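Reader: Could you show me how to read empty space inside a protein model?
Author: Gladly; let's take it step by step.

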Amino acid sequence: MGWSLRGEYVENCNCDLFCPCLLGPRDPLRALPMATPTAGHCDLPAVFHVEAGIFDGVPLDGLTVALAIHIPGRMADGDWRVAPYLPADASDAQRHALSAIFLGRAGGPMARVAAMVGEWYPPRVAPITYRAADHRRFVEIPGVLSLEVEGVTGADGVTEIWIRNVKHLACRTMASAVGRRGAYQDHGRSWNHAGKNAHYGPFDWAA
């Protein structure tokens, strides 16, 4: 049962710019961040927009998945809480495939993440809107998530600051960004990360 996904990843955590988890020290065995988040814990939406994908013959092009993640301390210490959101415009077969991938049951990067999760909330099916425009990325889940991030412009005054060769659950190359809107409310949790650290970048997975 082979699969592959290619697309764009977006996140907006509650760390101040710049997030210490991305470039700080790593657990030598699992390569997970050992730095303490700037607020002592980490809350973030992790959004995956699939540009091209296939799972056991099921096409996944154009679909978007979101994970709302709460990490009570350092990432490497585990006990993560994760709430998955699956796209309402997907078929049952597509949602089954996305669940297998993003809950870590089908191998790949999310299998390593799943080992750190203490609790999975039941996946919810919802309309998920993703849009990219220049240096901005927009994600909406009605009544749950309203996200807008903007890339931080570099020395040329035109293009984003790109961070390359990073160890991250999704990407190896990421744009530094800042949250312009970052409101989330569900499962008894509520946050707004406007003005906080954000990233976006390409992901390319297979298993």
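Here is a short walk through the cavities.

Author: This is a predicted model, where local features need pLDDT of at least 70, side-chain atom pairs count only at pLDDT 80 or more, and totals for chains, interfaces and linings use all residues. Residues are numbered from 1 along each chain as its sequence is written, and side-chain values use heavy atoms, without hydrogens and water.

Reader: How many cavities of 30 Å³ or more does a search of the whole structure find?

Author: Rolling a probe the size of a water molecule over the atoms shows where empty space is left. A cavity is a set of points, on a 1 Å grid over the protein atoms alone, where a 1.4 Å probe fits but cannot get out; lining residues have an atom within 4 Å of a point. Points are joined across faces, edges and corners, and volume is the space filled by probe spheres set on them. Here the search finds 2: the largest holds about 50 Å³, and the second largest about 30 Å³.

Reader: Which strand gives the most to the lining of the largest cavity?

Author: Strands are DSSP runs (E, at least two residues), numbered from the N terminus. Strand 4 gives the most, with 3 residues. Among the lining residues are Ala68, His70, Arg81, Asp186 and Trp191.

Reader: What classes of residue line the second largest cavity?

Author: Ala, Val, Leu, Ile, Met, Phe, Trp, Tyr, Cys and Pro count as nonpolar, Asp, Glu, Lys and Arg as charged, and the others, Gly among them, as polar. That lining has 9 nonpolar, no polar and no charged residues, including Pro45, Leu67 and Ile141. The largest cavity's lining has 6 nonpolar, 2 polar and 3 charged residues.

Technical notes: 1 Å grid on protein atoms, 1.4 Å probe; cavity = no way out; pocket = protein on both sides within 12 Å on 5 of 7 lines; lining within 4 Å. Helix = DSSP H or I, 4+ residues; strand = E, 2+ residues; numbered from the N terminus.
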